[in-house]
Amino acid sequence: MDPSGVKQIEPSSILDRCFSRHAKDYAELSATPDQFKTFVEAVSQMQGTQPNYSAHDLAEITVPVAIVQSEQDEFIKREHAQHLARSIPNAKLVILNGVSHFAPLQRSEQFNAAMLAFIGKGPDMPSA
């Protein structure tokens, strides 16, 4: 909802592996395959400045929302995810255990099960 939810990023082997994978995927799939560094810089700037939603803004959301937080998320503070879940009416907080921010790559079956549960196409996921 605002940049205060972003953690100070600490270097790690998981980040190294995931960013290497992202760079490879970007080179293969992007219309600008040689501009991954520029893309990363733009995303970093965005994370530090946007968005800026107030609790009032969040309270006006009327669609179903799942706040999916990874147990070992390197980027987003847990209390930020909890605040979002409290501030958005009827939002559901789902914690993915044993994974980092890169859950779709690390444990795709666990991430996909959470998404399918959210859209009503799978068994219910436990809430946090």
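How many bridges join β1 to β2, and do these strands run parallel or antiparallel? In this predicted model, the two strands run parallel and are joined by five bridges. The chain passes from β1 through α4 to β2, and the β-α-β crossover formed in this way is right-handed. Within the pairing, Ile67 has Leu93 of β2 as its bridge partner. Confidence in the prediction, expressed as pLDDT, has a mean of 89 over the protein, with 95% of the residues reaching 70 or more; the highest mean, 95, belongs to α4, and the lowest, 88, to helix α5, which spans residues 103-106.

The connecting helix α4 comprises residues 78-87, and His80, Ala81, Leu84, Ala85 and Ser87 are its buried positions. In general, an α-helix has 3.6 residues a turn, so residues three or four places apart point the same way. The cover over the buried residues of α4 includes β1 (66-70) and β2 (92-96), together with α3 (55-59). Among these buried positions, His80 of helix α4 counts as buried because its relative accessibility is 10%, which lies under the 20% limit applied to buried residues. When residues up to four places away in sequence are left aside, His80 touches Met1, Asp2, Ser4 and Gly5.

The largest pocket holds about 500 Å³ of space. Its lining consists of 24 residues, and those nearest the centre of the pocket are Val68, Gln69, Asp73, Ile76 and His101. At least two lining residues come from each of α2 (36-49), β1, α4 and α5, and β1 makes the greatest contribution, with five residues. Strand β1 is thus named in three settings: it pairs with β2, it belongs to the cover of the buried residues of α4, and it supplies residues to the lining of the largest pocket.

Two features of the backbone lie in loops. Most residues other than glycine have a negative phi, and most peptide bonds are trans. The peptide bond from Gln50 to Pro51, however, is cis, with omega near -20°, and Pro51 is placed in the loop between α2 and α3. Asn90, although not a glycine, has a positive phi of about 60°; this residue is situated in the loop between α4 and β2. With a relative accessible area of 78%, Asn90 is exposed, whereas His80 in helix α4 is buried at 10%.

How values were computed
Residues numbered from 1 in each chain as written. Predicted model: local features only at pLDDT ≥ 70, side-chain atom pairs only at ≥ 80, totals over all residues. Heavy atoms only, no water. Buried < 20%, exposed > 50% of the residue type's maximum accessible area, 1.4 Å probe, protein only. Helix = DSSP H or I, 4+ residues; strand = E, 2+ residues; numbered from the N terminus. Contact = heavy atoms within 4.5 Å. Pairing = 2+ DSSP bridges. Right-handed = clockwise from strand over helix to strand, strands pointing away. pLDDT = per-residue confidence, 0-100. 1 Å grid on protein atoms, 1.4 Å probe; cavity = no way out; pocket = protein on both sides within 12 Å on 5 of 7 lines; lining within 4 Å. Points joined across faces, edges and corners; volume = space filled by probe spheres on them.
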